[in-house]
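Student: Give me a close look at the surroundings of the ligand and at the elements that connect to them. Keep the cut-offs explicit.

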Amino acid sequence: MNTPQSQHVSTLGLVLAGGEARRMGGNKAFREVAGKSLIGRVIDVAQAQCDQVMISSNTGTEAFADYGLPVVADHPKPGQGPLGGILGGLQALPDGIDWLVTFPVDCPIVPLDMVGRLQAAAEDAGAKAAFASHAERDHYLSSIWHRDAAPVIAGLLASDDRRVRGPLQALDAPRVVFEDKVSGLGPFTNVNTPDDLRAVNAALSDHIAMSDRASNR
Ligand SMILES: Nc1nc2c(ncn2[C@@H]2O[C@H](COP(=O)(O)OP(=O)(O)OP(=O)(O)O)[C@@H](O)[C@H]2O)c(=O)[nH]1
């Protein structure tokens, strides 16, 4: 099992909020679960674990102005799916930060040790990336990428290969298995449809109510 290393290495969290959200009927990032927007929740978990946070989107900065975070566009162009967002994020890494951690905006349940465990796994394996898994399902967008992964991603995108799994395989990225559940829902549960939104809203509302009751005891 990989455990977070004691030595702190800086990371930048990238909230992936591009895409068209067709199954949701649009506007996924701003849908609410348990009284808070998906993007607000995901920014919170990213800020709890990363030194800096940016938002990945191709629709300009205006919609995200309330969050006061930099917005970075896909590279080399929009419309290539989340891998273009990851490459845009890697290109925008500031000096002194070598690791990018991606947080899809439609996955509000994120383990609080995710970043440390992904980074430790990548470093232990001598790999330039690592990704999360739960209940035998891989979550390629809940992942960490070293800045040196950029040429591999750029090469795949140039050959029109947009699968996020592609560069993870090419980089021999280790899989990190997470177990914890929140009110019956596993980590990385995707919110893609209105039904998903209802299920996650119910589970998170229960979870928050239970935590509130426990802390008032
Ligand atoms: N930056 C960026 N993020 C994207 C892009 N496409 C999808 N994403 C993000 O990647 C994650 C997974 O997206 P999907 O659910 O596969 O696609 P979606 O467009 O959000 O939804 P559907 O249209 O219903 O498939 C979400 O966090 C999206 O915001 C893209 O082209 N660029």
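Tutor: For sorting residues by type, Ala, Val, Leu, Ile, Met, Phe, Trp, Tyr, Cys and Pro count as nonpolar, Asp, Glu, Lys and Arg as charged, and the others, Gly among them, as polar. The model is predicted: local features need pLDDT of at least 70, side-chain atom pairs count only at pLDDT 80 or more, and totals for chains, interfaces and linings use all residues. Numbering starts from 1 along each chain, as its sequence is written.

Confidence comes before detail. The mean pLDDT (the predictor's confidence in each residue, from 0 to 100) is 93 for the protein, and 96% of its residues reach 70 or more. Residues 1-6 have a pLDDT below 50, and this stretch has twelve contacts in the model beyond near neighbours in sequence; two residues are in contact if their C-beta atoms, placed from the backbone, lie within 7 Å. Where pLDDT is low, the predicted coordinates should not be read in detail. The model scores are ipTM 0.99 and pTM 0.95.

Now the shell itself. A residue is near a molecule if its C-beta atom, placed from the backbone, lies within 6 Å of it. The ligand is surrounded by 21 residues, and the closest are Gly-18, Gly-19, Arg-23, Gly-85 and Pro-104. By type, the shell holds seven nonpolar, eight polar and six charged residues. Helix α2 (residues 82-91) supplies three residues, the largest share of the shell. Helices (H or I, at least four residues) and strands (E, at least two) are DSSP runs, numbered from the N terminus.

Helix α2 is therefore the element to follow inward, as eight of its ten residues are buried and it is largely enclosed by the rest of the structure. Burial is a C-beta count: a residue is buried if 20 or more other C-beta atoms lie within 10 Å of its own, exposed if 12 or fewer, and partly exposed in between, with C-beta atoms placed from the backbone. The buried residues of α2 are Leu-83, Gly-84, Gly-85, Ile-86, Leu-87, Gly-88, Gly-89 and Leu-90. Gly-85 is thus both one of the residues closest to the ligand and a buried residue of α2. The buried residues of α2 pack against the strands β1 (11-16), β4 (52-56), β5 (71-72), β6 (99-104) and β8 (137-146), and against helix α4. In the loop between β5 and α2 lies Pro-76, which is joined to His-75 by a cis peptide bond with omega about -5 degrees. Most residues other than glycine have a negative phi, and most peptide bonds are trans.

The packing partner α4 (residues 150-158) has Ala-150, Ile-153 and Leu-157 as its buried residues. Seen down the axis of α4, these fall within an arc of 65 degrees, so they line one face of the helix; the arc is that of the directions from the helix axis to the C-beta atoms. An α-helix has 3.6 residues a turn, so residues three or four places apart point the same way. The buried residues of α4 pack against α2 and α5 (165-170). Pro-151 and Ala-158 are exposed on the other side of α4. Gly-155 also belongs to α4 and counts as partly exposed because it has 13 C-beta neighbours inside 10 Å. The C-alpha atoms of Gly-155 and Pro-167, twelve residues apart along the chain, are separated by 9.3 Å. Just after α4, Asp-160 takes a positive phi of about 65 degrees.

Two further residues have positive phi in the loop between β7 (129-134) and β8: Ala-135, with phi near 50 degrees, and Glu-136, with phi near 60 degrees. Ala-135 counts as exposed because it has 11 C-beta neighbours inside 10 Å, and Glu-136 counts as exposed with 6.

Last, the interior. A nonpolar core is a set of buried Ala, Val, Leu, Ile, Met, Phe, Trp, Tyr and Cys residues joined through C-beta atoms within 7 Å. In the largest core, of 62 residues, those touching the most other members are Val-15, Val-42, Val-101, Phe-103, Leu-118, Ala-129 and Ala-130. Leaving aside neighbours within four places in sequence, Leu-118 is in contact with Val-101, Ala-130, Ala-132, Ser-143, Ile-144 and Val-176.
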